[in-house]
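Hi everyone, thanks for making time for this. Let me put the structure up on the screen, and then I'll walk you through a few spots in it.

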Amino acid sequence: MKGVLVTGMGIVGPFGSGVASFERALREGARPFTVTSPAISTRAGYIEAPVPEAVLQVAFGGQGRTGELHPRLRKLGARAPLAVQAALLAASEALWPAGAALSGERIDIVVGGQNLTHAFEQEALPAFRQEPAYVSPSAALRILDTDVLGCVSEAFDIRGEGMCVAGASASGNVAIIHGARLVCGGQADACLVVGALAELSLFQMQTLVSIGALGGEFFLDAPHRACRPFDRRHGGFIPGQASAALLLESAASARARGAEPLGCVLGGGIVLDAKSGSSPSVDGEVGAMRRALADAGASASHVSYVNAHGTGTPLGDEVELRAIAEVLGERCAEVPVNSTKVVTGHCLWAAGVVEAVATLVQMRAGFVHGNFNLDDPLETPCRLVGRASEAADIGVALSNSFGFGGINTSVVLGRASDSRA
């Protein structure tokens, strides 16, 4: 792939709203996890990293300063599901500071995520059971994943191609790869890639408990310690809520607008395991990383940082470390590896975009964040970052995301100067 510039980034998550807030959380090891006790569950409580209600109330509830959010966004998001509100906030940060405004037919949108409104439907069910005729006509749109796509396109007057892509927990990386291909192939000057927030229903949470993927039950009294990628006391992933956006753009378009490049997407790889289950595969993960490096015209010798999928599930962590070691070979002892999920939780459909933003933030600021709950590391030849952030000179980075259904993805990110666009 010919490198595609990143000229805008935006994010909202459990740490608040904005890339600056996210960088502080990564540096300082914020772990904003809380416990909820649902009425219907086999668990006494769930640990999650939710978006603070105050962030959305300020943006959409009329409690913020006048003019803080564009009136069009406020109108679109005021009564919308959480996934739409978070996407509008992330997209506005990515689009509007990036030089002259982008809109019209030469900008595309790719939204990564699926099953975005199960929680919305769950909340609407009691009223539906009481009086079906009172179901709002707008619900017919709200229950579709394309509601996020439509609201973002209307908010920013984007009239190019648009789509939602799904890859389970790899959806964010799938969206980045498709967006980069659209720009690289010349179909668009720019593409807004949005990782959609996952607001899980109680039914979805119970399915994750039943399949053995959800952790945290032994940390209800210390939720900030529950998310433990690569630690021997890992017991499953901890859900997090975030939406992130990247503005991908050709060099010619960025130059014409006077937009500052923040980094670039050098390549990406998607590999299937030809298996429908939830078990990870060393071969599939190795294949995705090697395909991404080949797409970037790079090799393991160029890699100076790995942002791991690192969910905190015992099998997933072990398999990924074996895969990273196989790809990096002798260099695995010197390349730092961390997992951003220790700060954000597992943001599921948005994870790939959230972690691409994390990678670029660390690359630009010259550090790698800690694996803050890494008290007793797994045995591995890989160099896991310790419990504190440390200085680092990141040139070329791999960012991994893997999903149920045997979906393995990796993207290669670099400095803006590495782009061949």
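**Buried spots, rings and salt bridges**

Let's begin at T340, which is buried, with a relative accessible area of 0%. You'll find T340 in the loop between strand 11 and helix 13, the helix that covers 341–344. One thing to keep in mind as we go: this is a predicted model. What does T340 touch, leaving aside its neighbours within four places in sequence? The contacts are F22, L26, N307, E355, A358 and H369.

Strand 11 itself spans residues 336–338, and P336 is in it. P336 has a relative accessibility of 6%, so P336 counts as buried too. Again leaving aside neighbours within four places in sequence, P336 is in contact with S304, Y305, V306, V368, R383 and V385. The C-alpha atoms of P336 and F367 are separated by 10 Å, and these two residues are 31 apart along the chain.

F22, one of the contacts of T340, brings us to the rings. How many aromatic pairs does a search of the whole structure find? The search gives 1. That pair is F15 with F22: the ring centres are 4.7 Å apart and the planes are at 25 degrees, so the pair is stacked. F15 and F22 are both buried. F367 has a ring partner of another kind, as the charged end of R27 sits over the F367 ring, 4.2 Å from its centre.

Now for the charges. The structure holds 17 salt bridges, and I've picked three to show you.

One of them joins R106 and D189, with the closest N and O atoms 3.0 Å apart. R106 is in the loop between helix 4 and strand 5, and D189 is in the loop between helix 8 and strand 7, so this pair ties together parts that are 83 residues apart in sequence. R106 is partly exposed at 39%, and D189 is partly exposed at 27%.

Next, R225 pairs with D375, at 3.8 Å between the closest N and O atoms. Here the loop between helix 9 and strand 8 is linked to the loop between strand 12 and strand 13, with the two residues 150 apart. R225 and D375 also belong to a salt-bridge network that includes R228, D231 and R387.

Finally, R232 bridges to D376, with the closest N and O atoms 3.4 Å apart. R232 lies in the loop between helix 9 and strand 8 and D376 in the loop between strand 12 and strand 13, so parts 144 residues apart in sequence are tied together.

Conventions
Residues are numbered from 1 along each chain as its sequence is written. This is a predicted model: local features need pLDDT of at least 70, side-chain atom pairs count only at pLDDT 80 or more; totals for chains, interfaces and linings use all residues. Side-chain values use heavy atoms; hydrogens and water are left out. Helices (H or I, at least four residues) and strands (E, at least two) are DSSP runs, numbered from the N terminus. Buried means under 20% relative accessible area, exposed over 50%, partly exposed in between (1.4 Å probe, protein chains only). Contact means heavy atoms within 4.5 Å. Rings of Phe, Tyr and Trp (its six-membered ring) pair if their centres lie within 6.5 Å; planes under 30 degrees apart count as stacked, over 60 as edge-to-face and the rest as tilted. A charge sits over a ring if NZ of Lys or CZ of Arg is within 6 Å of the ring centre and within 35 degrees of the ring normal. A salt bridge is a side-chain nitrogen of Lys or Arg within 4 Å of a carboxyl oxygen of Asp or Glu.
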